[in-house]
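Q: Please take a close look at one buried helical residue and its surroundings, working outwards from there.

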Amino acid sequence: QLVGMSKNMSELLQPPEVLPPEEPTARMAEFERIYRENFGTVTSYFARKTGNPQVAADLTADTFVAAITSFASFDPGKGSPRAWLFGIARHVFARHCEITTRGKDVVARLGGYRVLDIDEAAELVDRIDAERPGRVLLNGLATLSAADCEVVELVDMTGLTPKEAATALRISPGALRVRLFRARHKLRKLTESNQTNEKGTT
């Protein structure tokens, strides 16, 4: 865990004006539990997708700020907290990509979160290094459609259950299973083809 970063983010995520009016203390305790249980997974998700410590930290913070702002509308009956968080994380990353594509990323970050200190940056670099195989796999998924690639990433790389991934993607569990089967089949065929080609060149 990025302890220093976690503490600072925890302070960031406590503005009373965004808490639901009913039982704010109990709701805050519930959110803190969700935050602590999922902070590492969300950070790894962005570390794998960006490869940049500061950007990964900012996107993680963006996700939890958006989460606490909308926490009053979270319904456990519709899915797990992790599925709900990754639904938010997907939108945060999509917005980041849109801003970056438009060349506004630097300007947007000027009003963003604090710059990481040396220890925090070093810990995030370690996390990014640990996610390097995942980034390599993501590059290998380029032959898949964006929808199929995202299913493989959430289930096989991030560790969400198929049901959680379906909730995060806002599709039915049945549609998720079809996408996952299709994507895994394509990857299996691609792997077999690559292995055959490698044998042919040796």
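A: What follows goes from one residue to its helix, then to the core and the largest pocket.

The model is predicted: local features need pLDDT of at least 70, side-chain atom pairs count only at pLDDT 80 or more, and totals for chains, interfaces and linings use all residues. Residues are numbered from 1 along each chain as its sequence is written, and side-chain values use heavy atoms, with hydrogens and water left out.

T63 lies in helix α3, residues 53-69; helices here are DSSP runs of H or I with at least four residues, numbered from the N terminus. The relative accessible area of T63 is 0%, so T63 is buried (under 20% relative accessible area, with a 1.4 Å probe and protein chains only). Beyond its neighbours within four places in sequence, T63 is in contact with V42, F46, L85, I88, A89 and V92, where contact means heavy atoms within 4.5 Å.

Helix α3 itself has 17 residues and reaches 24 Å from its first C-alpha to its last, close to the 24 Å expected at 1.5 Å a residue; the expected span is 1.5 Å times one less than the number of residues. It is mostly covered, as 12 of its 17 residues are buried. Among them are D58, T60, F64 and I68.

Four of T63's partners, L85, I88, A89 and V92, are also listed among the buried residues of α4. The 21 residues of α4 should span 30 Å, and its end C-alpha atoms are 30 Å apart, which agrees.

F46, another contact of T63, is one of the residues with the most contacts inside the largest nonpolar core, along with F31 and F86. That core has 41 residues; a nonpolar core is a set of buried Ala, Val, Leu, Ile, Met, Phe, Trp, Tyr and Cys residues joined through side-chain atoms within 4.5 Å. The elements giving two or more residues to this core include α3, α4 (81-101) and α2 (24-50), and α2 gives the most, with eight residues. F86 is buried in α4 and, not counting residues up to four places away in sequence, touches T41, V42, Y45, L154, T158, L160 and A168. V42 is thus a contact of T63 and of F86.The largest pocket draws five residues of its lining, the largest share, from α4. A pocket is an open set of points on a 1 Å grid over the protein atoms alone where a 1.4 Å probe fits, with protein on both sides within 12 Å along at least five of seven lines; lining residues have an atom within 4 Å of a point.

Conventions
Buried means under 20% relative accessible area, exposed over 50%, partly exposed in between (1.4 Å probe, protein chains only).
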